[in-house]
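User: I'd like to talk through how this fold packs together. Can we look at it piece by piece?

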Amino acid sequence: MTLRLHFEAEDLARVRVTPVPDPLAEATFSLPLLQSPGLGATAFDGWRERSLRRLTPAVRPLLELAPAGLDEYVPEAFIRVRGSASLDDSLRATWSMPRRIWTADLSVTEEWRPVVPRWVGDLHTGDREAARLVDRGFRAYYDAAIAPYWPQLAAAAHADRTHRARVLADHGVERLLADLHPTLRWESPVLHAPCTLDIDLRLGGRGVLLTPTFFLTAPVLRLDSADPDAPLEIRYPIARETAAHLSVLTPPTGNGRPGELAHLEALMGRTRARVLAAAATGGSTAELARSAGVSPASASEHATVLRTAGLITTRRTGPSVRHALTPLGRALLENGPG
């Protein structure tokens, strides 16, 4: 059985790639994997074992919210947010979603799940106690199962996005779609995806949002249940092979202190490594210069190189600029180049 997505010219023009992974969405997608020892072969075994040892009773509601064995189902409300800098931001944005979105998500939940626990229904209708339990559960779960690997995960997502951008620039959007995942087949103007039913879906100009996701073993295609005009989202696995999973899920061996920069000094030079380390706490060019022990002109020059390499971001705030690490920069600083 196959789902056939029919693209029009406007859909091809509206293909976008999500900029950064979302901490809450990754945590949500990982929950069924945590509870399914056979899923993901050996790639997730070590992560699963370590995470289960670290879980606290606060996580228990999440195991009922996103159980194993329901195929592609995960609670939509917790995978909607994009572009958050932290789990805090993701949760805040989730709890602030309009009631119509929660209502639509509950309808999807009732379609997918044979029996919906009463408290899950209460959560979707605004019950504060249920929300408090889930909020606390996600915070505890993230600390145990996601946070230890977040720098590597963010770096992998950044590398994937950079690769997709290069494919798009060099070969165009049709090659981007053709190379998305081995289970997806592009035969212009149709993208073929495995499905439990035989379906033809015409996008009709809504476009497609491509979202690289680490805790997936196969692509997930999703229409927005609350907005029929929103782009169709295709979440695809960042990693395809066991080695790629393990490169993210291997626990960091270093202590991650920015003061220990020998590995970076050998890679990029002493001064540039110090400027990168100074950006870990954010700051203006003058602050980076003071922290790295160089002149403002030198700090500005090195910041430009680091920004071009995708290791820092620079934003103007009034008359000054502020520098901060990107996920890739933080992963390089904390875990080294190899």
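User: Leaving aside neighbours within four places in sequence, which residues is Phe138 in contact with?

Analyst: Keep in mind this is a predicted model, where local features need pLDDT of at least 70, side-chain atom pairs count only at pLDDT 80 or more, and totals for chains, interfaces and linings use all residues. Residues are numbered from 1 along each chain as its sequence is written, and side-chain values use heavy atoms, with hydrogens and water left out. Contact here means heavy atoms within 4.5 Å. On that basis, Phe138 touches Leu24, Ala27, Thr28, Leu31, Leu62, Leu65, Phe78, Leu87 and Leu91.

User: How do the axes of H5 and H8 cross, roughly parallel or antiparallel?

Analyst: Helices are DSSP runs (H or I, at least four residues), numbered from the N terminus. The axes, lines fitted to C-alpha atoms over the stretch in contact, with angles from 0 to 180 degrees between N-to-C directions, come within 11 Å for H5 (residues 87–95) and H8 (residues 128–146) and cross at roughly 160 degrees. Over 145 degrees counts as roughly antiparallel, so H5 and H8 are roughly antiparallel.

User: Which helix gives the most to the largest nonpolar core?

Analyst: A nonpolar core is a set of buried (under 20% relative accessible area, 1.4 Å probe, protein chains only) Ala, Val, Leu, Ile, Met, Phe, Trp, Tyr and Cys residues joined through side-chain atoms within 4.5 Å. The largest has 47 residues, and Phe138 is among those with the most contacts inside it. With 8 residues, the top contributor to this core is H8.

Note on methods
Helices (H or I, at least four residues) and strands (E, at least two) are DSSP runs, numbered from the N terminus. Angles under 35 degrees count as roughly parallel, over 145 as roughly antiparallel, 65 to 115 as roughly perpendicular and the rest as oblique. Buried means under 20% relative accessible area, exposed over 50%, partly exposed in between (1.4 Å probe, protein chains only).
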